[in-house]
Amino acid sequence: MREEVRTADGRVLTAEHWGDPEGKPVFLLHGMPGSRLGPAPRGMVLYQRRVRLIAYDRPGYGGSDRHPGRTVADVAQDVAAIADALGVDTFAVAGRSGGAPGALACAALLPERVTRTAALVPLAPRDAEDLDWFAGMAASNVREYTTAAADPEELTARLIPRASGIARDPGRLLDELRRELTASDRMIVADAGLRSMLLRNYREALRSSAYGWIDDMLAASVPWGFDPADIRCPVLIWHGELDVFSPVGHARWLGRRIPGATTTIDPYAAHFAALRALPGILTWLLRELPTPSVEEQQPA
């Protein structure tokens, strides 16, 4: 079901929820660029796990109004507004890639409402101490994030025509990324069903403007507005060792910073493998048992 939610400052957020309407609510925060229509477990999987999955377009994407100057911390208030509109009190949150910092914002800033949080292939804060933020990152991402920090107007001028072209032909984005994808990621995005979901996702994300993407890049390039060390709910961080878009060092940094976090590193996976990890992540999010102490899973 599609919902339009008005925030306290008058913006409209477009949300969608599916699965078991009586199930446990889980917010799924999309990647960058992305939308509420991004890849997600199928309805049968959600019903089997008794999950009510909720997704929304971050400001500037799809059907959601832009929020100029937004920070990662602002995600928490938007998620709270949607939860209030849907009559949801407490909930779990999962975020993938560009949505992962927002999931952590919810954990830090909505401690009475968020039960568990999962961050899949996350970025760390740009001002993270003792982290080489660009180490292991693909050249295209280094260029875009460097421009976002140094010259936002240049970033805007670059992304507007690029986003327009992708909105017309969303396959262009996967074609652009292909030369930097690992072999395992190429296999994943070649799957016809998953590719179809990704193309629908990109088309919806950029159909009205490039500003969701632009504002995501800018928000990732300034302080988040909260400290991950303040998170107290159980947190699972999942990452692929071979990821070049969100390098694995970011996940390791967050795992050290967040008290009690569980960090799982798949030594053979890269960025898009997070999509295949989602069903297992949902199972973890719905657990009632305490989470284990910090650990990093390595191959035997």
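Colleague: Which helices each supply at least two residues of the lining of the largest cavity?

Modeller: This is a predicted model, in which local features need pLDDT of at least 70 and side-chain atom pairs count only at pLDDT 80 or more, while totals for chains, interfaces and linings use all residues. Residues are numbered from 1 along each chain as its sequence is written, and side-chain values use heavy atoms, without hydrogens and water. At least two lining residues each come from helix 3 and helix 9 (211-220).

Colleague: Which helix gives the most to that lining?

Modeller: A lining residue has an atom within 4 Å of a cavity point, on a 1 Å grid where a 1.4 Å probe fits but cannot get out. The largest cavity has 18 such residues, with V72, G98, P101, D216 and A220 nearest its centre. The greatest share, three residues, comes from helix 9.

Colleague: What is the volume of the second largest cavity?

Modeller: The structure holds three cavities of 30 Å³ or more, and the largest has about 180 Å³ of space. The second largest is lined by 14 residues, including L28, L29 and H30, which are among those nearest its centre. Its volume is about 100 Å³.

Colleague: How are helix 2 and helix 3 oriented to each other?

Modeller: Helix 2 covers residues 74-85 and helix 3 residues 100-109 (DSSP runs of H or I, at least four residues). Their axes, lines fitted to C-alpha atoms over the stretch in contact, lie 8 Å apart at an angle of about 80°. Because angles of 65 to 115 degrees count as such, the two helices are roughly perpendicular.

Terms used. Axes fitted to C-alpha atoms, helices over the stretch in contact; angles between N-to-C directions. Parallel < 35°, antiparallel > 145°, perpendicular 65-115°, else oblique. 1 Å grid on protein atoms, 1.4 Å probe; cavity = no way out; pocket = protein on both sides within 12 Å on 5 of 7 lines; lining within 4 Å. Points joined across faces, edges and corners; volume = space filled by probe spheres on them.
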